[in-house]
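Please open the model in your viewer and choose a ribbon display, so that the tour below can be followed one selection at a time.

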Amino acid sequence: MIRSVLFTKEIPTQLIEQFLPDMDYRILPSLNIVITDRQTIENKINPTEKINLITSQNSVKAIENIELTGDFYVVGKKTAQKLQAQNRSVVAVENYAAELFARHLSELKQTTIQFFCGNNRRDYLVENLMNNNNQVNQIISYQSIPIENHVEKMYDAYAFFSPLSFTTFLQKNKIPTEALIFSVGTTTTEAIKERITNPIYTADEPLVEAVLKKIKKHRND
């Protein structure tokens with residue numbers, strides 16, 4: 001039975017309590033997200049390029065007041081929704097980078113793609129796009145800075161939202177072997193499996209709400 005949960009990402013308390021009423025929980029972010037200043041981003045944008053790639057809501061926030069043309073290829077439904085709220089032209093959305101590449105980007109050849117990404121971005125998209133003789137203009141839109149906190153209390157469950165968040169947490173903490181682990185997606189799950197053998201439950205979609213639903217489902221196990 002899950003009586004207590006540690007969340008390693010900032011989540012609105014009302015959202016947690018909507019899914020998990022009467023749960024003992026703590027929010028302790030293991031990453032600090034710093035958005036790149038507008039001028040730095042604008043200086044790196046090539047206005048003639050018409051293919052834009054975004055895999056994080058943080059990048060959407062970074063370009064909020066920047067004029068951009070062209071089409072957007074996106075990882076994440078929430079990310080796409082926020083781009084559409086900025087009146088961007090979203091032409092493709094998938095839950096994972098591998099799906100986005102296979103279904104929408106694999107046929108691109110000798111093209112330049114603008115990738116608005118973080119400083120800790122995964123290699124998959126860049127490597128595969130470049131293997132097809134494309135150029136990738138990587139525009140660092142935000143920094144993920146690790147926060148190493150030590151937690152005295154042991155929890156019944158732990159929720160992780162990125163590989164870096166998980167590895168940062170382990171720098172100063174140990175997870176009880178009997179604790180349940182909840183992961184936002186398959187990439188994070190694979191990173192967790194490399195370090196611990198706890199039971200892992202992966203969200204059906206890479207969304208905070210899906211993680212909360214998964215915890216709710218297994219609350220009384």
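In what order do the 6 strands of the open sheet stand? Keep in mind that this is a predicted model, and then trace the open sheet across in the order β3-β8-β7-β4-β5-β6, where the pairing is mixed. Select next the two ends of this row, β3 (31–35) and β6 (89–94), which stand at the edges with a single partner strand each, so that one side of each is left without a neighbour in the sheet. If you look along the row of strands, the twist from one strand to the next averages 25°.

Now stay with β3 and add strand β8, residues 135–146, to the selection: the two pair in the antiparallel sense, over 5 bridges. Within this pairing, pick Val 34 and look across to Gln 143 in β8, which is its bridge partner.

Go next to strand β1 (residues 4–7) and strand β2 (residues 24–27), which pair in the parallel sense over 4 bridges. Here Phe 7 can be selected together with Ile 27, the residue of β2 that stands opposite. Add helix α1, residues 13–19, and you have the right-handed β-α-β unit that β1, α1 and β2 make.

Finally, select residues 28–212, where UniProt, in an unreviewed entry, places the feature "domain: Tetrapyrrole biosynthesis uroporphyrinogen III synthase". Over residues 28–212 the chain is 32% helix and 27% strand, while the C-alpha atoms at the two ends are 16 Å apart.

How values were computed: Residues are numbered from 1 along each chain as its sequence is written. This is a predicted model: local features need pLDDT of at least 70, side-chain atom pairs count only at pLDDT 80 or more; totals for chains, interfaces and linings use all residues. Side-chain values use heavy atoms; hydrogens and water are left out. Two strands pair if DSSP finds at least two bridges between them. A crossover is right-handed if, with the strands pointing away from the viewer, the path from the first strand over the helix to the second runs clockwise. Axes are lines fitted to C-alpha atoms, for helices over the stretch in contact, and angles run from 0 to 180 degrees between N-to-C directions. UniProt positions are given in the numbering used here, feature names are shortened, and annotations may be inferred rather than shown by experiment.
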